[in-house]
Amino acid sequence: MSELRYVHLGFGEESVEYREAWQEQRRVHAARFADELPDTCLLLEHQSVYTAGRRTADSERPLDGTPVVDVDRGGKITWHGPGQLVGYPILKLPRPVDVVAHVRRLEDALIRVAAEFGVETSRVEGRSGVWVLGDAVEDRPATGGLTLDFDPRLQDDEFDPRLNGPEYAPSNAGQRREDRKLAAIGIRIAKGVTMHGFSLNVNPDNTWFDKIVPCGIRDAGVTSLAYELGRDVTIAEVLPSVERHLRDVLESTEPKPRAVVREPEHATA
């Protein structure tokens, strides 16, 4: 991979409106496809916004009519806003593109960032992103005064955590000692060039996630570096670590085309 270039679009009081950043992504994407720019990662903080990937269900959106921006990335609905570091790596990959391998590289870099700050994280099978694992189910406190055997999130397909109080809120998953997502990943690859990327919860107000079903997951929640460490953490403190580990992971790996498996030809009589 070519040397990775970083562009800071804005943080804090200069945080970036989502559609403005999306337009800049498209501009850089076109330039990268045409080899007018090297591989580039846009880093920024967004103004508060809900964005919905292509697989988002209506039942996962805010109940109060809060506006949602529908976007062309994979994944489902999430929130972006103050206290969250967002990265959009716009990279040219070999074809046929291995989407899963690209997601794994981003996860690897963010796992290293969390480890540098003393937070142990992991992947969860079948769920993209970077997770702080909770206690074993049998060791968790009962939810809402109920035993885990009767946890409605596991027994009722129509159970809606948005309607059932703070004991089920995604932002309180740490208190329930459940799995909780520290960083989300949602990407799109067009013409062999990546778009969208990751969001790392540094020190946001995680109650923003309580209006939605984040990433469509009802039996886990969200967390932040600040919550896990029990102290304030700033974007400025985390930014150099993210840049360093992204560069280490992306520049030290040699992306390979996805293996194409062809069915053997069968002779016919």
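**Close-up views of Gln 84 and of a three-stranded sheet**

**View 1. Surroundings of Gln 84 in the predicted model.** Leaving aside residues up to four places away in sequence, Gln 84 touches Leu 44, Glu 45, Trp 79, Ser 199, Leu 200, Asn 201, Val 202, Pro 204, Phe 209 and Ile 235, where contact means heavy atoms within 4.5 Å. Gln 84 belongs to strand 6 (residues 84-90) and, at 1% relative accessibility, counts as buried (under 20% relative accessible area, with a 1.4 Å probe and protein chains only). Residues are numbered from 1 along each chain as its sequence is written, and side-chain values use heavy atoms, without hydrogens or water. Because the model is predicted, local features need pLDDT of at least 70 and side-chain atom pairs count only at pLDDT 80 or more, whereas totals for chains, interfaces and linings use all residues.

**View 2. Polar partners of the Gln 84 side chain.** The side chain of Gln 84 makes a polar contact with that of His 80 at 2.8 Å (a pair of N or O atoms within 3.5 Å, one able to donate a hydrogen and the other to accept it). A polar atom of the Gln 84 side chain also lies 3.2 Å from the backbone oxygen of Trp 79.

**View 3. The open sheet and helix 1.** Three strands, in the order 4-3-5, form an open sheet with mixed pairing (at least two DSSP bridges between paired strands). Strand 4 (68-70) and strand 5 (77-80) each have a single partner strand and stand at the edges, so one side of each lacks a neighbour in the sheet. Helix 1 (residues 18-33) lies across strand 3, strand 4 and strand 5.

Technical notes. Helix = DSSP H or I, 4+ residues; strand = E, 2+ residues; numbered from the N terminus. Axes fitted to C-alpha atoms, helices over the stretch in contact; angles between N-to-C directions. Buried < 20%, exposed > 50% of the residue type's maximum accessible area, 1.4 Å probe, protein only.
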